[in-house]
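Dear colleague,

I am passing on the structure we spoke about, and below it I have written out what I found when going through it. Please read the notes with the structure open beside you.

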Amino acid sequence: MVNDGFRLFPEQATAHAAQVDALYIFLTLISTFFTVLIAGLIVYFAIKYRRGNRKVDRTLSHGHGMAMEISWIVIPGLICLIIFGWSASLYFSAFRAPAGAISVQVVGKQWMWKFQHPNGGREINTLHVPMGQAVELTMISEDVIHSLFVPAFRVKHDVLPGSYSRLWFNANKTGEFHLFCAEYCGTDHSRMIGKVVVMQPAEYEAWLSGGKVNESPAVAGKRLFEELRCATCHTPGQGQPVLTCPPLTNVYGHEVQLTTGSKVMADEDYLRESILRPRAKVVAGFQPLMPTYEGQVDEEQLMQLLVYIKSLSTHPSAQ
Ligand code: CUA
């Protein structure tokens with residue numbers, strides 16, 4: 001059961017969650033300290049310098065208090081730098097998945113979350129993950145902007161149409177945790193909810209292999225690649241003796257030279273664009289011959305094609 005009891009903070013189910021809370025508590029304490037200090041001084045001075053109090057010194061002070069001026073510049077400056085450094089390092093760790101993370105494909109649509117596991121297993125609105133392993137979500141929307149939010153993991157990211165976004169987490173506690181859409185996306189936005197089920201690794205393996213046998217995204221991608229006849233042009237030895245299209249081996253994660261002379265990193269967004277709008281960025285040395293596949297493949301199929309193309313690269317330098 002998802003734990004719904006009253007609590008000041010959501011449950012912490014990742015090491016990252018504890019770190020986010022520590023920063024949050026620090027910000028709260030700093031704000032409280034200065035609020036109390038300033039409000040206290042206002043009250044103190046209001047009483048001390050009230051009209052009629054003849055015992056106080058009301059002569060004007062001259063010159064300025066250098067020590068005080070320096071301290072009110074340096075101290076808040078240092079506090080801001082500490083907050084900046086602390087939160088920037090948290091942000092980077094929150095959005096850079098470690099190598100070897102389990103890759104889950106996520107498609108958001110009005111009004112559901114669709115998940116696909118590396119072995120092809122599919123789920124809707126529920127995501128099963130193992131405890132103690134990094135899980136990376138690659139997310140896209142079929143329609144409007146959604147946002148995937150798991151409060152217990154302290155992770156949230158917009159899920160956009162037309163562009164991939166990523167999130168990762170490493171749950172350190174088994175159980176069920178809320179999963180929300182955190183971006184108003186239409187009538188049933190409030191029902192676009194689900195749960196993340198964190199299991200012991202052995203249980204997770206059993207759960208994965210117990211499901212219906214599905215094609216893995218890489219296998220489905222390879223099948224699509226052949227069905228859509230991409231192979232005739234992109235794979236050496238399959239069609240014409242001379243390739244009329246760039247081969248796709250070791251493309252993902254590497255820089256590609258374009259006809260315009262500029263270079264582009266072949267990441268998922270570039271490959272997606274090249275499938276849907278092949279003429280947007282043509283690889284140097286090739287003619288813009290490829291037809292568009294817009295409308296012929298849906299977001300899930302596109303992700304499968306990308307997983308397959310990624311699998312053709314040995315040492316991708318990009319994530
Ligand atoms: Cu999807 Cu709100």
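How many positive and how many negative side chains does the protein chain have, and how far apart do the centres of the two sets lie? There are 27 positive and 27 negative side chains, and the centre of the one set lies 10 Å from the centre of the other. Please keep in mind throughout that this is a predicted model.

To begin with the overall form, the protein chain contains 7 helices and 12 strands. Its radius of gyration is 27 Å, whereas the globule rule gives 20 Å for 319 residues, so the chain is more spread out than a compact globule. Along the principal axes, the C-alpha atoms fill a box of roughly 100 × 55 × 40 Å. Of the 319 residues, 37% are buried, and the surface that the protein chain exposes comes to about 18500 Å², with 62% of it supplied by carbon and sulfur atoms. When contacts with a separation of 6 or more are considered, 65% of them are between residues 24 or more positions apart.

Turning to single elements, helix H7 runs over residues 299-311, and its 13 residues reach 18 Å from the first C-alpha to the last, which is close to the 18 Å expected at 1.5 Å a residue. Several of its residues are buried, including Leu-302, Met-303, Leu-305, Leu-306, Tyr-308 and Ile-309, and the charged Glu-299 and Glu-300 are buried as well. The buried residues of H7 pack against strands E1 (102-109), E2 (112-116), E3 (122-124) and E5 (134-141), and also against helices H4 (217-227) and H6 (268-276).

Two residues may be worth finding in your viewer. His-16 lies in helix H1, which spans residues 15-48, and it counts as buried because its relative accessibility is 16%, under the 20% cut-off. Leaving aside residues up to four places away in sequence, His-16 touches Leu-90, Ser-93, Ala-94, Phe-153, Arg-154 and Val-155.

Asp-188, by contrast, is placed in the loop between strand E9 (175-181) and strand E10 (194-199), and with a relative accessibility of 26% Asp-188 counts as partly exposed. From C-alpha to C-alpha, Asp-188 and Ile-70 are 54 Å apart in space, and the two are 118 residues apart in sequence.

With best wishes

Technical notes:
Residues are numbered from 1 along each chain as its sequence is written. This is a predicted model: local features need pLDDT of at least 70, side-chain atom pairs count only at pLDDT 80 or more; totals for chains, interfaces and linings use all residues. Side-chain values use heavy atoms; hydrogens and water are left out. Helices (H or I, at least four residues) and strands (E, at least two) are DSSP runs, numbered from the N terminus. The radius of gyration is taken over C-alpha atoms; the globule rule is 2.2 Å times the number of residues to the power 0.38. Buried means under 20% relative accessible area, exposed over 50%, partly exposed in between (1.4 Å probe, protein chains only). Contact means heavy atoms within 4.5 Å. Accessible areas come from the Shrake-Rupley method with a 1.4 Å probe; for residues, only the protein chains shown count as cover. Lys and Arg count as positive and Asp and Glu as negative; His and the chain ends are not counted. The place of a charge is taken as NZ of Lys, CZ of Arg, CG of Asp or CD of Glu. The expected span of a helix is 1.5 Å times one less than its number of residues.
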